[in-house]
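User: I would like a close look at one part of this model, with its surroundings explained in plain terms. The sequence and structure are below.

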Amino acid sequence: MMRHAGFASCLLLSVAAAVAQQAPPSSAMNTTMSLDALLQEERQLQFDRFDGDTAAALGAALVARARSASRPVTLEIRLGETVVFAHAMPGASPDHADWIRRKNNLVRRTGHSSFYTHNEVRQAGGDHDKLPGLDMRDHAAHGGAYPIVVRGRGAVGTVTVSGLPGADDHALVVAALKDHLHIGEQP
């Protein structure tokens, strides 16, 4: 999984051109975050190593969080193209699998969380459901997919939640990552 640094810039230019030719989009996620805050979050939520055992522990933590909040989500953790952890909570929709696939594709394409791309496009005045140059049947700029980054190696996989509004999917993943990485804990 390589980051495509120039892709984000090209995406924003394409969005700006498309916005000038279309009416404002009708749907928008209620919660937005600054791009700087989201980038800082991505720099902070990195691993020293990540393997199947790490995926199992992170997956179990996500399941526990979803269960305690009675959230009917589906979650998946991938190393490269390999699914190393997957779980669907009671009440989860079979449609979540396709949302996970589409969000993961976006993260692999951009190197950023799907919520970052959502906010980037919305803040540029674009429609997160109509990204120029991307087939929206294969990509989704909704929160919930997050790159798994190993320091010194780069992106090695993704962790994704689907089933809630995008900002809530994102928040669930970030909370589990922070817990797992012991970020924000007091000594």
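How many bridges join strand S3 (residues 145-150) to S4, and do the strands run parallel or antiparallel? Please also describe what lies around S4.

Analyst: Six bridges join S3 to S4, and the two strands run antiparallel. The model is predicted, so local features need pLDDT of at least 70 and side-chain atom pairs count only at pLDDT 80 or more, while totals for chains, interfaces and linings use all residues. Residues are numbered from 1 along each chain as its sequence is written, and side-chain values use heavy atoms, with hydrogens and water left out.

Strands here are DSSP runs of type E with at least two residues, helices are runs of H or I with at least four, and both are numbered from the N terminus. Two strands pair if DSSP finds at least two bridges between them.

Within the pairing of S3 and S4, Ile-148 stands opposite Gly-157 of S4. The two strands form a hairpin with three residues between them. Gly-152 in this hairpin takes a positive phi, near 85 degrees.

S4 spans residues 154-162, and eight of its nine residues are buried (under 20% relative accessible area, with exposed over 50% and partly exposed in between, using a 1.4 Å probe and protein chains only). Strand S4 is thus described as mostly covered. For the chain as a whole, 45% of the 187 residues count as buried.

S4 also pairs with S1 (residues 74-79): six bridges join these strands, which run antiparallel. Ile-77 of S1 stands opposite Val-159 in S4. S1 in turn pairs with S2 in the antiparallel sense, over six bridges, and Glu-76 stands opposite Ala-86 in S2.

Together the four strands make an open sheet in the order S2-S1-S4-S3, with antiparallel pairing. The edge strands are S2 (82-88) and S3, each of which pairs on one side only. From one strand to the next, the twist averages 15 degrees. In a regular strand, side chains alternate between the two faces of the sheet.

Two helices lie against the sheet. Helix H4 (residues 96-110) packs on the sheet and touches S1, S3 and S4, a contact being heavy atoms within 4.5 Å. The direction of H4 makes about 150 degrees with that of S4 (axes are lines fitted to C-alpha atoms, for helices over the stretch in contact, and angles run from 0 to 180 degrees between N-to-C directions). Helix H6 (residues 166-181) lies across S3 and S4, running at about 125 degrees to S4.

The chain has six helices and four strands in total. From the N terminus, these elements follow the order α-α-α-β-β-α-α-β-β-α. Of the contacts with a separation of 6 or more, 72% are between residues 24 or more positions apart.

There is also a pair of helices to look at. The axes of H2 (residues 35-44) and H5 (residues 114-123) come within 10 Å and cross at roughly 165 degrees. H2 and H5 are therefore roughly antiparallel (angles over 145 degrees count as this, under 35 as roughly parallel, 65 to 115 as roughly perpendicular and the rest as oblique). On the H2 side, the contact is made by Leu-35, Leu-38, Leu-39 and Glu-42, and on the H5 side by residues including Phe-115 and Tyr-116. H5 is mostly covered, with eight of its ten residues buried; Phe-115 and Tyr-116 are among them. After H5 comes Gly-125, which has a positive phi near 90 degrees.
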